[in-house]
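Please open the model in the viewer and keep the sequence panel visible. The tour begins once both are displayed.

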Amino acid sequence: MPSQRSNTTWQRVLTLLEKQHGRPERPAAPPRSPLAQLVLALLGDDTSERKAALALRRLEAECVDFNELRVTRPREFAELAQMVADPVGKAVTISRVLNQLVERTGSVDLDFLTQLPITQARAFLEQLDDVDARTIASVILFALGGNAIPADASVVRVTKRIGLINRALSAERAQAALERMVPAADRFTFYALMVTHGEAVCLVKVTRCEDCALKKVCESSRVRAKRSARSTGAKKKATTKKAKAAKKAVRKTAKNKSAAASKKRSKKAKKKVTTKKKSGSAARKRSKK
Ligand code: SF4
């Protein structure tokens, strides 16, 4: 069971993100077949959704079907999908996965999954080597009408920064934690908003906290604000200390100056008295004569 605190926080996050980006509409029908979604998810590893979708479109345009893609040389595949990270590695992985389908089902097809309950479809996908939890979640969410939260890089990054999940969790564990936290009915909305937010506001290298609807609930933002307040406080303290020292120095100089002046005055006065005494005694001597 998720804790009450986590529950409250994810709901608040969802409400705030809906205010900022609007409520995403779930497509009425799956946008692509389970196999196309599987290939798209594999292409999307460490790559933005936009680039992975572009690569899939080019591959589909150049190959007759996924069976031809299965036997396409990695170099040719990589040329078509050069916009994704590690295209040669992905060519090898995708070919291996498609080969497993032929071995297990006799064809390069996953349409039969749409006829199975989600748990059975998941169990089938879990048997395939090189198909990770994120890819399975993506097929379930977008091609089978199920509910899941694929641990895309932006989903993991944003939820960790907000403080919804532990920063030390692997992507797979992060996905499991989020799926335990967010009820099935809200998973599509949660996932879609996290992806949008991660690509528009809370990017990998740039965080636009000032424009972020989550700045008041986000752990990273709070930590950053505390740090900057501490450093401003320290700077203020150092400036005050400096100003006090400067004032003290001015006071000391003034004191020294006035002491020197009074010393000079008393010396002058003494000299005047001595001169007066001397002239008095000289006068007395002259009158005696
Ligand atoms: S407040 Fe900043 S760090 Fe937190 S989610 Fe928003 S942009 Fe990301």
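The stops below proceed from the ligand to two helix pairs and then to a single residue.

This is a predicted model, in which local features need pLDDT of at least 70, side-chain atom pairs count only at pLDDT 80 or more, and totals for chains, interfaces and linings use all residues. Residues are numbered from 1 along each chain as its sequence is written.

**The ligand**

Select the ligand and the 14 residues around it, where a residue counts as near if its C-beta atom, placed from the backbone, lies within 6 Å. Cys202, Cys209, Cys212, Cys218 and Ser221 come nearest. Next, colour α9 (153–162) and α12 (219–288), each of which supplies at least two residues of the shell; helices are DSSP runs (H or I, at least four residues), numbered from the N terminus. Which helix gives the most to the shell? It is α9, with three residues. By class, the shell has eight nonpolar, three polar and three charged residues. Here Ala, Val, Leu, Ile, Met, Phe, Trp, Tyr, Cys and Pro count as nonpolar, Asp, Glu, Lys and Arg as charged, and the others, Gly among them, as polar.

**α9 and α11**

Keep α9 selected and add helix α11 (residues 184–200); the two pack at an angle of about 85 degrees, with their axes 8 Å apart. Axes are lines fitted to C-alpha atoms over the stretch in contact, and angles run from 0 to 180 degrees between N-to-C directions. The helices are therefore roughly perpendicular (65 to 115 degrees). Now display Ser154, Val155, Arg157, Val158 and Thr159 of α9, which meet Tyr191, Met194, Val195, His197, Gly198 and Glu199 of α11; contact requires C-beta atoms, placed from the backbone, within 7 Å. The residues of this contact divide into five nonpolar, four polar and two charged.

**α2 and α3**

Move to helix α2 (residues 34–43) and helix α3 (residues 49–62), whose axes come within 9 Å and cross at roughly 130 degrees. α2 and α3 are therefore oblique to each other, a term for angles that are not under 35, over 145 or from 65 to 115 degrees. Select Ala36, Val39, Leu40 and Leu43 of α2 together with Ala52, Ala53, Ala55 and Leu56 of α3, which make the contact. This contact has eight nonpolar, no polar and no charged residues.

**Glu126**

Finally, select Glu126 in helix α7 (residues 118–126). Is Glu126 buried or exposed? Glu126 is exposed because 11 other C-beta atoms lie within 10 Å, the cut-off for exposed being 12 or fewer, with C-beta atoms placed from the backbone. A distance drawn between the C-alpha atoms of Glu126 and Ile136, 10 residues apart along the chain, reads 7.4 Å.

Notes:
Two residues are in contact if their C-beta atoms, placed from the backbone, lie within 7 Å. A residue is buried if 20 or more other C-beta atoms lie within 10 Å of its own, exposed if 12 or fewer, and partly exposed in between; C-beta atoms are placed from the backbone.
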